[in-house]
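Biologist: I would like a close look at one part of this protein. Please start from a single contact and work outwards.

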Amino acid sequence: MQSAALESQAEGGQAMRAWSIGIVAGGLLAYGVMEARSPGQTLSSQGAATIAATRGSGRGSTGNVTQARVLAEASRGDNWLVSGGNFESQHFSPLKSITDQNIGRLGLAWTLDVASPMGLSAEPIVVDGMIYLGAPFDKVHAIDGATGKLRWTFDPHIRINGPWRNSYEGRKNRGVAVWKGKVYVGTGDCRIVAIDAAKGTQVWQATVCDADQTGITAAPRVGDGKVFTGWAGMEYDVRGGVVALDAETGSKAWTFWTAAGDPSKPFESKTMEAVARTWDGESWKLGGANVWDTITYDAATNLLLIGTSTTGEPVGDFADIKSSGSRLFANCIVAVNASTGAYVWHYQTATPPSGAEEFHILVANIVAEGKQQRVVMTVPRNGVFYTLDVRTGKEVLPPRGIDGTFVRPLEQIDLSAVSSSSPGAAQATHTGRLSEENRTLANAATTSMGDAWFPMSYNAETGLVYIPSYETPARGAQGTGNRQGAGGGQAPTLEADQIAARGNTQANTNVARGKLVAFDPITQAARWVVTLPLSVNGGVLGTAGNLVFHGDASGAFSAYAADTGKKIWSVKTGSAIQSVPVTYVLNHEQYVLIPVGLGGGFRLFGRASDMATLETKRGPARMLAFKLGGTTTMARILANIPEVPKPPDQTASLEKIAQGARVYTKFFCHKCHSPEADGSGDWTFEGEVPDLRYMPLSVHRRFNEIVLGGSNQSKGMPKFSTPMGWPWIKTGMTQEEADALHAYLIDVQWRTFTNGPRGLKSAEK
């Protein structure tokens, strides 16, 4: 089979020299073909027949996922029918053909190159031998689980030439959902699209949020005959919420808002009337409390469990707004009735704007306090482990940092006690507004480890939760990268903070590392911890074979003994990994599947050096499937590390360069091109966001044309001379600001040209 072309053409005529570094994982690789097709166009009718044959006993129509089936097959694990593998989102499989005793025989079964210049950061769904994968620009691919052949590709053709948020959100798809013959994908321009699982054609679409403000990045969730989704926008002052759609028709069943709305308009419910009183003054204008990823449907209680972000920031045209109050439901785990959207309970982990930000929620039955209890387990960004009663939201066990740090829980607000006569509800103790001293203590839950959206895994046999974590910096610590806000004990987006000077790494004792933590929720202590080369890595898969699978930023896909943490198997993929592994059975063989390739939102708003080495940063987007006795050989990957082109002479003053750094932040350049332009490591287009440190001279000459004139709007680059979109609704960039910005970028490029790009060249010691 032929390999799909992954390399984009550099703009301009400037030649880019590259260091070619061989990463050998053995032999030649059988590549799959990923072709762009119009919606509904299948690659092979014969292939569809092959899939039908692999079903064996036959499960009915393609994409046959129902509530009854998910519940009935949870104990078997032959498929990966919903996000997390089961409704509890435990990311654990009962499959045990592959074990800690025979994993040495695990080999590559097949591979498929995916035409995705923005990498992959998704969790595949597997139904009766068909894999459904969400990819950047919200494309959906159907793949034969036995052979790796592509069956169809659907492209929703998202808008990227309008408000900047659509271009931004559309480049970081986290997956899809499947239900009764349909595949569902959320789009960067605020749609849920239903696709025929067999044909790859559109069935219906529904707009669920304001595409002029935000977009969807998460995989939709399914249950109770509905499709559930939230949307992004906390840092851009977009009001958060969750929408439930009828899975068959796309009609809206209900909306649950997670932040206060305009108080001059009628409240959507009694719950929102009470919630509004926890937002002081004009705080509501900053929005936030977004459900941008975390949704878990618990079929046993028919509760939808959602995790929210913190409140919006005073940025853009909202920079002068002061925000205060408890601001429910920001920084909360919230339970609503899945059928009606009615509020049931909430638990707030931190008072905004402290960025606790709730992530993956899993549900499990555990024995605590001498009795069996059904609980919610979750770890927000601050690295604190919470165990709550799924029906009431009450603490079953006290919160504890996954590093063992003692945490004082936040006093909770009883919404029924919020007096309608006290609009400043935050001033009354019974509303949960803490004194300054107590609030400081409650929000001081700064641990030595943090968490991100990448899902955990729970193994009931070991009783452990396996958490993809990272180190947080010590209070007051500063790395060599002069990163703004690196100290102060804030929950960070971390940087590896090493410099590769023309291929030689410069060591630094403040390097932030990733951690894979096996945490015992009963003893509230880590059983074992694995340290990883870089801080931002992928999700976790646990299996009954006493295994924990995890991919990391160095490109290693590894298996650890679930009971001891010993690494017992690993393969070098040549690409950074920020996706979620899954497992399934076909023809009586267990497969383990992992998407690879530098992907996700962090490569836009974070530092790419945190989530890839210089060798794995430019690695291909690819699907890898493993099985016992697999004989497909892994490719010899030639790592592409382009040399930084020489920038034009710097003629600006230090004051002008400093002004440019402020402009870079003011107009959110760092949200797409990374802080200090620590980006993807090359100047490319074709859907990829260019690394500004690699700007060719031809682009320097056209800088004003691009930034102020909007000549690249069709590629998703805003026209900054006019308001670029929410929260910039009135203000555009001036010529003076553009000149300062250009001076700053020339300065950054000169530093990179002189010192080499920041980052670990290799994870090898």
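Which side chain meets that of Glu 88 in a salt bridge?

Modeller: Bear in mind that this is a predicted model. The partner of Glu 88 is Arg 374, with 3.0 Å from N to O. Glu 88 sits in the loop between α2 (67–73) and β2 (92–93), while Arg 374 belongs to strand β21 (residues 371–378), so the salt bridge ties together parts that are 286 residues apart in sequence. Both ends are covered. Glu 88 has 18% relative accessibility and therefore counts as buried, the cut-off being under 20%. Arg 374 is at 10% and also counts as buried.

Now take the strand that carries Arg 374. β21 is mostly covered, with six of its eight residues buried. It pairs on the one hand with strand β20 (residues 361–368), in the antiparallel sense and over eight bridges. Within that pairing, Ala 364 has Val 375 of β21 as its bridge partner. The two strands make a hairpin with two residues between them. Glu 369, in the turn, has a positive phi of about 55°.

β21 also pairs with strand β22 (residues 384–389), again antiparallel, over four bridges. Here Val 375 stands opposite Asp 389 of β22. So Val 375 has Ala 364 as a bridge partner and also faces Asp 389; strands of a sheet pair through backbone hydrogen bonds, either parallel or antiparallel. The hairpin of β21 and β22 has five residues between the strands. In that hairpin, Gly 383 takes a positive phi near 75°.

Go back to the Glu 88 end. The loop that holds Glu 88 runs between α2 and β2. Strand β2 belongs to an open sheet of five strands, in the order β2-β31-β32-β33-β34, with mixed pairing. Its edge strands are β2 and β34 (567–572), each of which pairs on one side only. Inside this sheet, strand β31 (residues 540–543) and strand β32 (residues 547–551) run antiparallel and pair over four bridges. Gly 542 stands opposite Val 548 of β32.

Next, set the Glu 88 pair among the other salt bridges. The model holds 31 salt bridges. One of them joins Arg 159 to Asp 212, with the closest N and O atoms 3.3 Å apart. Arg 159 lies in the loop between β7 (150–154) and α3 (164–169), and Asp 212 in the loop between β11 (202–207) and β12 (221–223), so this pair ties together parts that are 53 residues apart in sequence. Arg 159 is partly exposed, at a relative accessible area of 30%. Asp 212 is partly exposed too, at 43% relative accessibility.

Another salt bridge links Lys 172 and Glu 169, whose closest N and O atoms are 3.1 Å apart. Lys 172 is buried, at 6% relative accessibility. Glu 169 is buried as well, at 1%. Elsewhere, salt bridges that share partners join Arg 607, Glu 676, Asp 678, Asp 691, Arg 693 and Arg 758 into one network.

The loop of Asp 212, between β11 and β12, brings in a covalent link. The structure holds one disulfide. It joins Cys 190 to Cys 209, with the sulfurs 2.1 Å apart. The link is left-handed, with -110° about the S-S bond. Cys 190 lies in the loop between β9 (182–186) and β10 (191–196), and Cys 209 in the loop between β11 and β12, so the disulfide ties together parts that are 19 residues apart in sequence. Cys 190 and Cys 209 are both buried. Cys 672, by contrast, is in no disulfide. The nearest cysteine sulfur to Cys 672 is that of Cys 669, 8.8 Å away.

One last element is helix α7 (residues 654–666). Its 13 residues should span 18 Å at 1.5 Å a residue, and its end C-alpha atoms are 18 Å apart, which agrees. Its buried residues are Ile 657, Gln 659, Gly 660, Val 663 and Tyr 664. These cover an arc of only 160° around the axis, which puts them on the same side of α7. They pack against α8 (669–673) and α11 (735–755). The face turned away from the buried side carries the exposed residues Leu 654, Glu 655 and Arg 662. After the helix comes Phe 668, whose phi is positive, near 60°.

Definitions and conventions. Residues numbered from 1 in each chain as written. Predicted model: local features only at pLDDT ≥ 70, side-chain atom pairs only at ≥ 80, totals over all residues. Heavy atoms only, no water. Expected span 1.5 Å × (residues − 1). Buried < 20%, exposed > 50% of the residue type's maximum accessible area, 1.4 Å probe, protein only. Arc of directions from axis to C-beta. Contact = heavy atoms within 4.5 Å. Salt bridge = Lys/Arg side-chain N within 4 Å of Asp/Glu carboxyl O. Pairing = 2+ DSSP bridges. Disulfide = S-S within 2.5 Å.
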